[in-house]
Protein chains: 2
Amino acid sequence: MMMAKRSNDLAEALRRVPLFSKVEPDDVVAMAEHVRELHVERGEILFQKGDQPHGFYILLEGRITLAFPSEQGTERILEVIKPGESFGEALMFLGQPYPIFSQAGVDSRVLDIPEEAITNLLDKDCRLAKRMLAGISIRLHELISNLEACSMRSSAQRVACMLQHAAPSAGTQEYDVQLPAAKHIVASQLNLTPETFSRVLHVLTESGLIEVSGRVIKVLNAEGLRKLQL
Amino acid sequence: MMMAKRSNDLAEALRRVPLFSKVEPDDVVAMAEHVRELHVERGEILFQKGDQPHGFYILLEGRITLAFPSEQGTERILEVIKPGESFGEALMFLGQPYPIFSQAGVDSRVLDIPEEAITNLLDKDCRLAKRMLAGISIRLHELISNLEACSMRSSAQRVACMLQHAAPSAGTQEYDVQLPAAKHIVASQLNLTPETFSRVLHVLTESGLIEVSGRVIKVLNAEGLRKLQL
DNA sequence: TCAAAACCTTGATATTCGTCAAGGTTTTTT
DNA sequence: AAAAAACCTTGACGAATATCAAGGTTTTGA
């Protein structure tokens with residue numbers, strides 16, 4: 001994990017992040033003074049469960065997973081962060097130790113925004129506060145959906161649900177889904193073992209609802225998937 | 001569900017809510033103009049899954065449960081709101097339909113804060129925005145814990161965890177826990193059937209870790225409970 | 001205070017999903 | 001291009017937890 005880049009480049013990068021797109025340019029420059037760019041290598045841990053948050057992060061490039069650890073290494077991946085997304089804001093506001101850990105899936109570039117840089121800005125710019133409220137609300141909504149899936153739905157329903165979310169538009173009956181990562185990663189996000197995920201795909205294929213070839217899943221009958229949800 | 005009280009009384013009630021305790025009195029009075037007090041009877045539904053949010057709520061008195069519905073009525077209770085707590089803020093900011101429904105467990109009094117009342121204030125008072133950020137962050141943190149419990153822990157571990165959270169202080173070995181509601185409500189919050197909950201309590205009793213009498217659980221060996229978590 | 005309703009427990013059984021193990025396939029590295 | 005590593009699938013099995021059913025207990029309320 002190493003530091004890089006001058007302040008000006010950082011200000012430029014920050015401006016491109018949706019969260020800060022409406023912030024006064026001067027304020028962004030001021031904030032950039034406190035921001036560092038980190039390079040995190042594949043497999044490297046950005047923060048551990050139990051670490052104290054000192055700010056939050058924005059992913060510029062690469063892929064970062066947030067996951068619950070487990071003794072036998074059977075981690076459960078909560079979320080896969082993609083470039084342009086921020087993470088860790090809520091834990092920063094709370095000031096409690098991280099309940100999850102974060103790890104780079106591939107070599108990644110991350111902005112580290114210290115708490116001071118943000119709290120100062122929040123006092124000046126209520127729009128930023130509203131944007132952060134919106135951002136955290138989205139997170140919260142996703143967590144609720146995740147929890148519902150986890151506690152109310154069977155494995156096949158969770159997979160079907162994921163495939164439906166990947167539909168290009170509401171009514172489409174046939175479409176291709178390109179899995180965003182290795183199957184075992186996707187399985188973990190659905191709170192499934194790779195074995196169960198594989199078996200579910202098998203069953204859905206047998207039923208003529210999908211066709212699988214590698215990481216591409218061809219949905220043949222979206223309506224049929226919907227019916228699984230009851 | 002009926003309306004009641006004059007504006008002045010509402011302003012008074014609002015001031016007592018932690019969220020608004022630092023807001024300028026004049027602003028609270030202005031906000032009170034738009035706020036209604038609702039009376040919700042036991043069993044009545046405040047909002048359904050799928051309804052469009054128009055604001056958020058603060059519970060003054062009573063008990064409100066937030067839950068996922070299910071066809072066969074085997075709902076899963078996500079959270080039990082207690083007096084003084086607010087709910088629905090995040091969904092208001094998102095403007096998406098409620099993913100859960102809310103129901104009064106007993107006759108309750110609720111403040112209905114429409115979106116306009118809050119968004120106006122947010123522009124004026126950044127401290128309120130920060131407080132709301134903190135409030136939503138807490139919610140988010142709880143959801144993460146809930147999801148972790150749900151996907152990483154066994155039934156006995158979830159029960160033990162709940163009993164640990166109810167400890168009066170960190171080190172105490174023996175203490176009484178008064179369940180906040182009927183056992184089947186508590187079971188649902190732990191994502192357990194009442195049957196499984198009952199059996200877990202039985203096992204913990206057999207192991208000499210607890211004693212159960214009605215809704216009071218006497219923890220005999222907090223250290224033993226902790227060891228269950230591994 | 002008695003009846004009804006809600007709540008809780010216990011047993012038998014079924015289902016879902018995870019674990020373990022082995023073999024095959026694809027991707028990466030040398 | 002070969003070797004190694006990572007990834008994926010399949011089968012046999014087991015464990016955890018839900019479901020169904022019945023009976024007991026407590027609470028509510030008429």
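**View 1. A salt bridge between strand β5 and helix α5 of chain A in the predicted model.** In this predicted model, A:Glu79 and A:Arg139 form a salt bridge in which the closest N and O atoms are 3.3 Å apart. Because A:Glu79 belongs to strand β5 of chain A and A:Arg139 to helix α5 of chain A, the pair ties together parts that are 60 residues apart in sequence. A search of the whole structure, taken over all chains, finds 28 salt bridges, and the pair A:Glu79 and A:Arg139 is a salt bridge within chain A.

**View 2. The two domains of chain A.** The domain assignment divides chain A into domain 1, residues 2–151, and domain 2, residues 154–228. Nine residues from domain 1 of chain A and seven residues from domain 2 of chain A take part in the contact, while the C-alpha centres of these two domains lie 29 Å apart. Between them, domain 1 of chain A and domain 2 of chain A bury about 690 Å², and 53% of this area is on carbon and sulfur atoms. On the side of domain 1 of chain A, the residues that lose the most area to domain 2 of chain A are A:Arg76, A:Ile77 and A:Ala149, which together account for 52% of what that side buries.

**View 3. Polar character and elements of the domain interface in chain A.** Which kinds of polar pairing are found here? The rule finds zero salt bridges across the interface of domain 1 of chain A and domain 2 of chain A, whereas four residue pairs are in polar contact between these domains, with both residues of each pair at pLDDT 80 or more. On the side of domain 1 of chain A that touches domain 2 of chain A, β5 (76–81) and α5 (126–152) of chain A each supply at least two residues, and the largest share, four residues, comes from β5(A). Sorted by class, this side of domain 1 of chain A has four nonpolar, one polar and four charged residues.

**View 4. The arrangement of chains A and B.** A turn of 180°, with a shift of 0.0 Å along the axis, lays chain A on chain B with an RMSD of 0.1 Å. The two copies are therefore related as by a two-fold rotation axis. Of the interface residues of chain A, 100% are also interface residues in chain B, so the copies meet through the same surface. The contact brings together 41 residues of chain A and 41 residues of chain B, and the area buried between the two chains is about 3700 Å², with carbon and sulfur atoms giving 79% of it.

**View 5. Helix α5 and the salt bridges between chains A and B.** Four salt bridges are counted between chain A and chain B. A:Lys130 forms a salt bridge with B:Asp123, and the closest N and O atoms of this pair are 3.1 Å apart. Five residue pairs are in polar contact between chain A and chain B, both residues of each pair being at pLDDT 80 or more. Several elements of chain A, namely β5, α3 (89–94), α4 (115–124) and α5, each supply at least two residues of the side that touches chain B, and α5(A) gives the most to that side, with 20 residues. By class, the side of chain A that touches chain B has 25 nonpolar, nine polar and seven charged residues.

Note on methods: Residues numbered from 1 in each chain as written. Chains lettered and ligands numbered in written order. Predicted model: local features only at pLDDT ≥ 70, side-chain atom pairs only at ≥ 80, totals over all residues. Heavy atoms only, no water. Domains from an automatic or database assignment. Contact = heavy atoms within 4.5 Å. Buried area = accessible area lost by both parts, 1.4 Å probe. Salt bridge = Lys/Arg side-chain N within 4 Å of Asp/Glu carboxyl O. Polar contact = N/O pair within 3.5 Å; in protein donor to acceptor, adjacent residues only side chain to side chain. Nonpolar A, V, L, I, M, F, W, Y, C, P; charged D, E, K, R; others polar. Least-squares fit on C-alpha atoms with pLDDT ≥ 70 in both.
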